[in-house]
Amino acid sequence: MRLVGLTGGIASGKSTVSSLFKSAGVPVVDADIVARNVVQKGTGGWKKVVKAFGNDILLENGEIDRARLGQIVFSDPVKRKLLNSLLAPNISFGIFWEILKLWANGCTVIVVDIPLLFETKMDRWTNPVVVVLVDPKTQMERLMSRDGCSEEQAQNRINAQLALDWKKSEADIVINNSGSLDDTKQQFQEVLKQVSGPLTWKERLMSRDGLLSIVVCTTTGVLLAQKNLL
């Protein structure tokens, strides 16, 4: 099984590339979706966040106001670190569970879409790592337009993550999303060829079928050995 790490910076276009993978038939585990699920009303994650940040972050229906919580943590590094530490175990388990389900279904290539791939050290479990890059000016403009935030708020959110240039230096594959969608799609086709190539022997062993083969071969070997001893 091949786990492909997909990351980037906020408003860099990672979600666009993630959607391209899905359209190409490659299964994607989206950490943002997992993160939303672990803080749904009444869950363990929800209880931890409400206890730490108070009822002021709740909407009228009891769900967490993600926009309000975002304003708090992106402007305060201490509170951001607290939130990450509270939810990291829940999110990590949720990602692992989604990967396990895909593995059980026989998927051999899985994309793991994680905004904080490097920050959470989860890059060590993925290979290759794909980083979606964008120039600073375009990133700022897209973020302000998308979220309707001020330049200061946008800069705080960008600063809350590791610099894109650093992520680029750690990447195995880079997609530059500063241009048009067609440019990104053209780059994506080359990336798709790379990540969909033949599995290494280690990756084959990690797949469901590879593990079953090991079990069958081992069982057969044991039975033959027992037969010869009789």
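This is a short chat about cysteines, one helix and a surface patch in a predicted model.

User: What should I know before I start?
Analyst: Residues are numbered from 1 along each chain as its sequence is written, and side-chain values use heavy atoms, with hydrogens and water left out. Since the model is predicted, local features need pLDDT of at least 70 and side-chain atom pairs count only at pLDDT 80 or more, while totals for chains, interfaces and linings use all residues.

User: Cool! How many disulfides are there in the whole structure?
Analyst: A search finds 0, where a disulfide is a pair of cysteine sulfur atoms within 2.5 Å.

User: And Cys107, buried or exposed?
Analyst: Cys107 counts as buried because its relative accessibility is 19%. Buried means under 20% relative accessible area, exposed over 50%, and partly exposed in between (1.4 Å probe, protein chains only). Cys149 is also buried, at 10%.

User: Switching to helix H7: which of its residues are buried?
Analyst: In H7 (residues 151–159), they are Ala154, Arg157 and Ile158. They lie on the same side of H7, because they cover an arc of only 100° around the axis; the arc is that of the directions from the helix axis to the C-beta atoms. Helices are DSSP runs (H or I, at least four residues), numbered from the N terminus.

User: What's on the face turned away from that buried side?
Analyst: Exposed Glu152 and Asn159 are there.

User: What covers the buried residues of H7?
Analyst: The cover includes helix H4 (66–74) and helix H6 (136–147), with contact meaning heavy atoms within 4.5 Å.

User: Last one: where is Leu100 found?
Analyst: Leu100 sits in helix H5 (residues 77–104), and is partly exposed at 33% relative accessible area.

How values were computed: Helix = DSSP H or I, 4+ residues; strand = E, 2+ residues; numbered from the N terminus.
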